[in-house]
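Student: Please pick out one part of this model and take me through it closely. After that, set it against the rest of the chain.

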Amino acid sequence: MTTLLIRNAHAIATFDDAGGELRGGFVFIRDGVIEAVGASSHAPRTADEVIDASRCVVTPGLVNTHHHMYQTLTRAIPAVQDVELFTWLKGLYPIWARMTPDMVHASALTAMAELLLSGCTTSSDHLYLYPNGSRLDDTIAAAQQIGMRFHAMRGSMSVGESAGGLPPDAVVEKEDAILKDSQRVVEQFHDASRYAMIRIGLAPCSPFSVSTDLMRESARLARSFGAQGVRLHTHLAENDHDVAYSREKFNMTPTEYAESLGWLGDDVWHAHCVKLDAHGISRFAATGTGVAHCPCSNMRLASGIAPIRKLIDQGARVGLGVDGSASNDGSHLLNEARQAMLLARVGRSLQPFGCDDGGRELSAREALRLATRGGASVLGRDDIGAIAPGMAADLALFRTDTLAMAGGAVHDPIAALMFCASPQAHYTIVNGRVVVREGQLATLELAPHIERHNRMAQQLANGG
């Protein structure tokens with residue numbers, strides 16, 4: 001049995017059911033689970049390890065609900081720096097087709113290292129290309145190596161250009177092979193137990209890269225596992241071209257198309273949803289369908305501003321995603337929460353003068369809640385996203401005495417995480433294990449890894 005005590009915290013944002021906040025509090029952890037939370041005067045006297053948090057804000061570990069980790073290899077590619085989604089994809093597909101299993105593994109390590117250093121403890125990843133022998137196993141191995149709680153989504157593309165899809169034929173797979181491998185990875189890796197470190201979901205890439213049959217069969221396969229909770233994920237309504245494709249190809253809105261295939265429900269979440277209309281928002285809320293909001297990527301690719309305030313107000317489940325590392329181009333989840341807060345305010349300002357629909361901006365605490373409790377809900381988890389007894393010991397500690405927080409933390413240290421420049425985590429704890437210690441990653445030697453990753457990125461860009 002191992003114990004960890006975080007004591008004398010400057011502030012703790014628990015995001016528990018009561019929304020409690022503590023000053024001078026403690027968190028006591030035993031065997032990877034939070035055992036007690038309270039005022040420092042009631043803290044246990046000893047533990048196997050004690051962390052003094054007197055200069056730290058403590059939050060639940062952040063939860064990332066959408067990513068394409070392999071894209072760390074193609075960040076800032078010159079040819080696609082200033083284009084929208086479809087042109088961006090068509091420019092990068094041929095490069096991604098040259099990836100190897102080692103590249104997929106290394107790129108996942110890079111993305112996870114960035115996330116952990118930003119205070120993120122749980123991440124989903126949507127891997128939908130499997131060139132040159134690559135497998136979902138490559139990213140799962142990276143998560144196990146670096147110590148991240150991981151939702152690995154078995155993505156897929158099956159409709160290439162010759163069949164009217166967007167991706168080149170060279171990067172699509174046969175549908176029977178997709179479904180066979182989907183079943184394999186669920187049976188081999190999915191852990192339905194509480195505090196699971198690895199879970200698997202099924203994630204056909206998008207309406208413009210898979211068939212209606214694959215969408216239906218993927219949903220059927222996921223739900224055949226019943227109470228094991230294999231979830232479904234895809235992109236939906238990301239930009240105007242996406243909506244136009246759905247109308248032209250299926251004569252439906254994206255929401256209507258998803259619902260016709262059984263892709264609304266509390267076991268489903270969709271990425272982006274920038275162009276959801278009023279009907280789509282109401283259907284998502286009514287069916288418990290989740291949304292991964294990716295503000296940086298939506299801005300980077302000029303997709304638009306997702307109607308997050310309306311989704312939240314109608315009761316929809318909303319979390320945050322950093323999205324692909326080549327469409328952001330980073331993996332800093334705390335910054336993503338900050339951008340979500342700021343973008344919601346920009347969206348509010350764009351309403352016609354004198355028009356008041358009764359809405360309101362996103363507050364700092366609401367944005368941070370999206371990054372914690374909201375993300376946990378989207379991933380279907382009730383064991384992460386809050387600091388409370390019985391929850392997994394996933395926490396992030398941020399220093400208050402840094403230049404970035406100066407003049408803010410003295411007034412409201414929790415809100416300062418959103419309003420001030422986004423800091424790196426001082427400690428990140430996953431399942432009771434310290435994986436970032438005093439601002440340094442403890443589970444991966446970064447310098448040689450970065451050198452290797454950069455060699456791979458150059459090799460990929462130069463033609464393999």
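Tutor: What follows looks at one helix, then at the whole protein, then at a few backbone oddities. The model is predicted, so local features need pLDDT of at least 70 and side-chain atom pairs count only at pLDDT 80 or more, while totals for chains, interfaces and linings use all residues. Numbering runs from 1 along each chain as its sequence is written, and side-chain values use heavy atoms, with hydrogens and water left out.

Let's take helix α2, residues 101-117. Helices here are DSSP runs of H or I with at least four residues, strands are runs of E with at least two, and both are numbered from the N terminus. At 1.5 Å a residue, the 17 residues of α2 should span 24 Å, and the end C-alpha atoms sit 25 Å apart, so the two agree; the expected span is 1.5 Å times one less than the number of residues. Of those 17 residues, 14 are buried, so call α2 mostly covered (buried is under 20% relative accessible area, exposed over 50%, partly exposed in between, with a 1.4 Å probe and protein chains only). Just past the helix, Gly119 takes a positive phi of about 95°.

Now zoom out. α2 belongs to a protein with 14 helices and 19 strands, and 59% of the 464 residues are buried. A compact globule of 464 residues would have a radius of gyration near 23 Å, and the protein's 21 Å agrees with that (taken over C-alpha atoms, with the globule rule being 2.2 Å times the number of residues to the power 0.38). The C-alpha trace spans about 65 × 55 × 45 Å along its principal axes. Among contacts with a separation of 6 or more, 75% link residues 24 or more positions apart, a contact being heavy atoms within 4.5 Å.

Back to the backbone, which has a few spots to check in the loops. Ala237, between β12 (231-236) and α6 (240-250), has a positive phi near 50° without being glycine; this residue is buried, at a relative accessible area of 1%. Asn431 also has a positive phi, near 55°, and lies in the loop between β17 (427-430) and β18 (433-437). At 30% relative accessibility, Asn431 counts as partly exposed. Finally, a cis peptide bond joins Asn328 and Asp329, with omega about 5°; Asp329 is in the loop between β15 (317-320) and α11 (333-349).
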